[in-house]
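Dear colleague,

I am passing on a structure that I would like you to look through, and my notes on it follow directly below. Please read them alongside the coordinates.

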Amino acid sequence: MIDRRNFLAGTGVLVSAGVLPGLAVAKAGAQEFDLIAGPVQQALYEQQPSDLWAYNDIVPGPEIRVRKGERIRVNFRNNLEEPTSIHWHGIRIENAMDGVSGLTQEPVQPGDSFVYEFELPDSGTYWYHAHNKSWNEVGRGLYGPLIVEERTSTFDRDHDITLIIDDWRLRQPGVLDTDSFGSLMDWSHGGRLGNWLLVNGKSRPVLKLRSGDAYRLRLINASNARVLELDPNRFGGKVIAYDGQALPESVVLPYSPHLLGPAQRIDLMVVPDADFTIEEISGDKPFPLVDGIVDGISRTAQSTPSIPVNLIPEPDVTGARKVKVVMEGGAMGGFVNITYKGKRLEGEDFRKTGQSWAFNGIANLAEAPLFTVRRGETVLLETINQTGWVHAMHVHGHHFRVLSRSGADVDNGKPWRDTFLIGPEQTTEVAFVADNPGKWLYHCHMLEHAAAGMTTWFEIS
Ligand code: C2O
Ligand code: CU
């Protein structure tokens with residue numbers, strides 16, 4: 001678990017503005033951006049430089065902020081020594097731009113370029129990240145926020161704050177532990193868990209807020225594998241969106257705290273009247289993430305704005321195409337039969353291939369898709385977790401409604417999500433309209449699990 005006390009003495013508190021630098025548009029008047037992936041040295045702990053990989057020399061990568069309905073063009077260049085590609089997580093994107101190496105595009109080779117050009121159909125909080133050997137590339141820093149504002153911004157820039165959280169594994173004297181990338185122990189257990197949480201690349205950044213003003217905090221979990229536990233009740237936060245999609249005003253969330261799995265986002269509205277701290281509370285002692293310091297009082301008697309919902313095609317489960325995915329494997333999962341690249345694994349194969357998880361008995365991408373549907377069909381996807389671990393399941397290219405968990409209705413309005421958490425022995429049903437043609441991934445966003453077998457794909461024709 002996170003052990004802030006034992007890891008290193010001192011708190012490493014940096015007082016800094018919490019606002020991320022934005023990305024300058026490459027051409028005046030056009031929504032065109034340049035992103036370059038390459039190695040960089042950046043401190044994760046005090047002044048100790050770590051060897052990271054970054055977009056535009058900074059981790060997290062620059063915030064791309066655009067408006068709903070706009071098209072953007074991203075001129076990408078790979079200055080790494082290994083191939084890569086960029087995935088735009090949560091965007092209902094055209095398939096050729098989804099950025100999945102080996103499925104929707106060839107990986108971009110060292111020194112090569114690729115142009116991503118696509119439309120942003122929905123407002124909300126999204127992120128972009130590498131999608132080739134993600135366990136390694138994302139784990140070293142290749143990710144950044146992608147914020148799509150409403151057609152008319154609901155919160156102005158001063159009241160709209162992105163907080164992208166990452167879980168880093170540091171070794172003495174406070175540098176990124178690079179030797180343990182690819183550890184099969186992590187792959188077959190809970191993934192690569194760290195011991196140091198940073199927000200916007202900083203330790204415990206400070207937000208200076210005005211008392212009585214309404215703020216939107218956009219939280220993004222960029223961790224390889226850590227599920228963050230947050231309790232908005234402790235600081236008066238109200239959940240207003242999940243995975244980019246605004247919750248209708250009528251939805252009252254009956255529970256707290258909240259779990260924020262890898263790749264998930266949660267938008268909170270906070271109207272501070274006193275200083276507060278947002279903490280990660282899964283450990284035996286809360287780990288402070290961000291401090292909100294109230295200085296100055298509200299200039300305007302602000303109302304609490306509500307954000308408009310996006311229009312996503314509503315699944316109708318009568319006559320839906322039913323798909324069942326049984327998740328198996330991992331440590332403590334007992335022996336399971338796993339087929340990988342058409343071959344049943346035995347003995348040493350598990351160690352050699354690193355595969356230890358399977359969906360319906362198959363590890364990683366098979367030649368044939370898990371299922372094929374016609375455009376416009378509704379898919380009812382039932383996922384049964386027979387492993388001893390929690391997972392964060394992500395569907396590419398679509399948002400789905402979470403219908404039920406282990407037979408029980410989801411009582412908070414069947415929210416739209418693009419990633420859902422599923423605990424051991426749980427069954428979760430989600431449904432979506434397969435309206436986006438192409439080849440799409442369905443995988444665990446614990447990036448080690450994805451690499452070790454928990455990845456499949458489906459096709460919409
Ligand atoms: Cu956020 Cu397949 O990824
Ligand atoms: Cu998993």
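In this predicted model, the copper ion (ligand 2) has three residues as its protein donors, namely H391 through ND1, C444 through SG and H449 through ND1, and these lie 2.0 to 2.2 Å from the ion. Along the chain, the donors of this copper ion follow the spacing H-x52-C-x4-H. Two of these donors can be described further: C444 has a relative accessible area of 0% and counts as buried because the cut-off is under 20%, and H449, also at 0% relative accessibility, is likewise buried.

Turning to the pockets, the largest one has a volume of about 500 Å³. It is lined by 21 residues, of which K133, N364, A450, A451 and T455 are the closest to its centre. Helix 2 (134-137), strand 35 (438-444) and helix 5 (447-451) are the elements that give two or more residues to this lining, and the largest share, three residues, comes from helix 5. By residue character, the lining of the largest pocket divides into ten nonpolar, nine polar and two charged residues.

A further residue that you may wish to inspect is L44, which lies in strand 1 (residues 32-45) and is buried, with a relative accessible area of 4%. Leaving aside neighbours within four places in sequence, L44 is in contact with S50, L52, W168, L170, L176, W196 and L198. The C-alpha atoms of L44 and G141 are separated by 11 Å, although the two residues are 97 residues apart along the chain.

With kind regards

Terms used: Residues are numbered from 1 along each chain as its sequence is written. Chains are lettered from A and ligands numbered from 1 in the order in which they are written. This is a predicted model: local features need pLDDT of at least 70, side-chain atom pairs count only at pLDDT 80 or more; totals for chains, interfaces and linings use all residues. Side-chain values use heavy atoms; hydrogens and water are left out. Donors are N, O and S atoms within 2.8 Å of the metal (3.2 Å for Na, K and Ca); water is not among the atoms, so sites may look incomplete. Buried means under 20% relative accessible area, exposed over 50%, partly exposed in between (1.4 Å probe, protein chains only). On a 1 Å grid over the protein atoms alone, a cavity is a set of points where a 1.4 Å probe fits but cannot get out, and a pocket is an open set with protein on both sides within 12 Å along at least five of seven lines; lining residues have an atom within 4 Å of a point. Grid points are joined across faces, edges and corners, and a volume is the space filled by probe spheres set on the points. Helices (H or I, at least four residues) and strands (E, at least two) are DSSP runs, numbered from the N terminus. Ala, Val, Leu, Ile, Met, Phe, Trp, Tyr, Cys and Pro count as nonpolar, Asp, Glu, Lys and Arg as charged, and the others, Gly among them, as polar. Contact means heavy atoms within 4.5 Å.
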